[in-house]
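Biologist: I should like to go through this model with you, one helix at a time. Could we have the structure on screen before we start?

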Amino acid sequence: MENITLDRCCIHTITTKPWGLSEAVENYAAAGVKGISVWQNATEGTGPHRAGEIIRAAGLEIVSYVRGGFFPHTSSAGRAQAIDHNRKLLEEAAALGAPMIVLVCGASPDQSLEISRDQIREGIAAILPLAEKLGVKLAIEPLHPMYAADRSAINTMAQANDMAEYFKSPYVGVAVDVYHLWWDGDLEKEIARCGANGNLLAYHVCDWKVNTIDLLNDRGLMGEGCIDLKKIRGWVEATGFKGFCEVEIFSNIHWAKDQHLFLSEITEAFVRTV
C-alpha cells in the first residue's frame, strides 16, 4: 500500500466548524488539501451555486454535499416532509456541483428498527428518480449502533450493502466512515462486497478515543484513538477505490482551538496515520 499524500485529502467543512466557507476554502487550498465536502450550513449566505464557484476558483474539488436522509417518521406527513427536504437538498447539491449527497438515513424511537428501515427504503426510492436526473449519487452512511434509536436504523456495512443492492442503481451506494464501522468483525468482508458491486462511493476518516467524553462531539484526530486506519484503507483500496479520504471530525475540543493550528495537525496526521 503506497504512502498517502494530501492529493487524496478531503476535509468536511464541519471539521473546522468555526470557519465560514470562504475562510475554510482559502486555508484548505493553502495547506495543500485538494478536496472539500460541503455541509449545508456552509452555503448559507452565499447559496450553493456561488459556493461552488468559490470552491472551484480556489482549485478544490467538491467531493460531497452533507447531509440528506432522516426518512423515518411515525406520521405520513413527517415522511412526506423528509422526502421533500431531500429533493431540495438534491437540487442544492446539483447547483453546488457535488457528485453525491451523504445520507444519514434516520430512525424513530417510537417504532421498530424494521419499520424505520422500510421507510428508509421507501424514502430513497422516492428521491432516486430526481437523483438520477440531476446526476447526484446517494451515499448511504451506516452509523454506529449507539445512534440506532434516533439517527439511523442502518448500523452495519451489511445493512448498508443490503439497502444499496436492493436498488440496483449506479446512483445508490455506500459511504464508509471508520468512526461508525471500525468495530465490525465483518468489515473487511463487507467492504469487499461493497466494492465488488460498484457501491463504494466514499471513505471518511477520524479516530475513536478510548475515553471519549461525548458520543457525538468528541471524535479524535487521526492517531488520537484506537482505529487501525491504514488497515481499513487497505481494505478500501483493495476494491479499486481511488477516491478521497475525507476527514470528518466533530469535536468540541478541536473546535475550541485555533483552527489554523488544528488544520496543520490534520494535514500532519493525515500523511502520518491515514
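Biologist: Which residue follows H1, and what is the sign of its phi?
Modeller: Please bear in mind that this is a predicted model. Gly32 follows H1, and the phi of Gly32 is positive, near 95°.

Biologist: Which residues of H1 are buried?
Modeller: Helix H1 covers residues 21-31, and its buried residues are Leu21, Ala24, Val25, Asn27 and Tyr28.

Biologist: And what do they pack against?
Modeller: The buried residues of H1 pack against two strands, S1 (9-12) and S2 (35-39), and also against helices H2 and H10.

Biologist: Let us turn to H2 and H3. At what angle do they pack, and how far apart are their axes?
Modeller: H2 (residues 48-57) packs with H3 (residues 76-96) at an angle of about 35°, and the axes are 7 Å apart.

Biologist: Is that crossing left-handed or right-handed?
Modeller: The crossing of H2 and H3 is right-handed.

Biologist: Which residues meet there?
Modeller: From H2, the residues are Pro48, His49, Ala51, Gly52, Ile55 and Arg56; they meet Glu92, Ala95 and Leu96 of H3. By class, five residues in this contact are nonpolar, two are polar and two are charged.

Biologist: On to H8. Which of its residues are buried?
Modeller: In H8 (residues 229-238), Leu229, Ile232, Arg233, Trp235 and Val236 are buried. Viewed down the axis of H8, these buried residues fall within an arc of 155°, so they line one face of the helix.

Biologist: Why does that kind of spacing give one face?
Modeller: An α-helix has 3.6 residues a turn, so residues three or four places apart point the same way.

Biologist: What do the buried residues of H8 pack against?
Modeller: Their partners are helices H6 (178-181), H7 (187-196) and H10 (259-273), together with strands S7 (200-205) and S8 (245-247).

Biologist: And what follows H8?
Modeller: H8 is followed by Gly240, which has a positive phi, near 100°.

Biologist: A change of topic: how many disulfides does the structure have?
Modeller: A search of the whole structure finds zero disulfides.

Biologist: Why does Cys194 not form one?
Modeller: The closest cysteine sulfur to that of Cys194 belongs to Cys105 and is 13 Å away, which is too far for a bond. Cys194 counts as buried because its relative accessibility is 0%.

Biologist: What about Cys206?
Modeller: For Cys206, the closest cysteine sulfur is in Cys226, 11 Å from its own sulfur, and that is too far for a bond. Cys206 also counts as buried, at 0% relative accessibility.

Definitions and conventions. Residues are numbered from 1 along each chain as its sequence is written. This is a predicted model: local features need pLDDT of at least 70, side-chain atom pairs count only at pLDDT 80 or more; totals for chains, interfaces and linings use all residues. Side-chain values use heavy atoms; hydrogens and water are left out. Buried means under 20% relative accessible area, exposed over 50%, partly exposed in between (1.4 Å probe, protein chains only). Helices (H or I, at least four residues) and strands (E, at least two) are DSSP runs, numbered from the N terminus. The arc is that of the directions from the helix axis to the C-beta atoms. Contact means heavy atoms within 4.5 Å. Axes are lines fitted to C-alpha atoms, for helices over the stretch in contact, and angles run from 0 to 180 degrees between N-to-C directions. A crossing is left-handed if the near helix is turned anticlockwise from the far one by less than a right angle, and right-handed if clockwise. Ala, Val, Leu, Ile, Met, Phe, Trp, Tyr, Cys and Pro count as nonpolar, Asp, Glu, Lys and Arg as charged, and the others, Gly among them, as polar. A disulfide is a pair of cysteine sulfur atoms within 2.5 Å.
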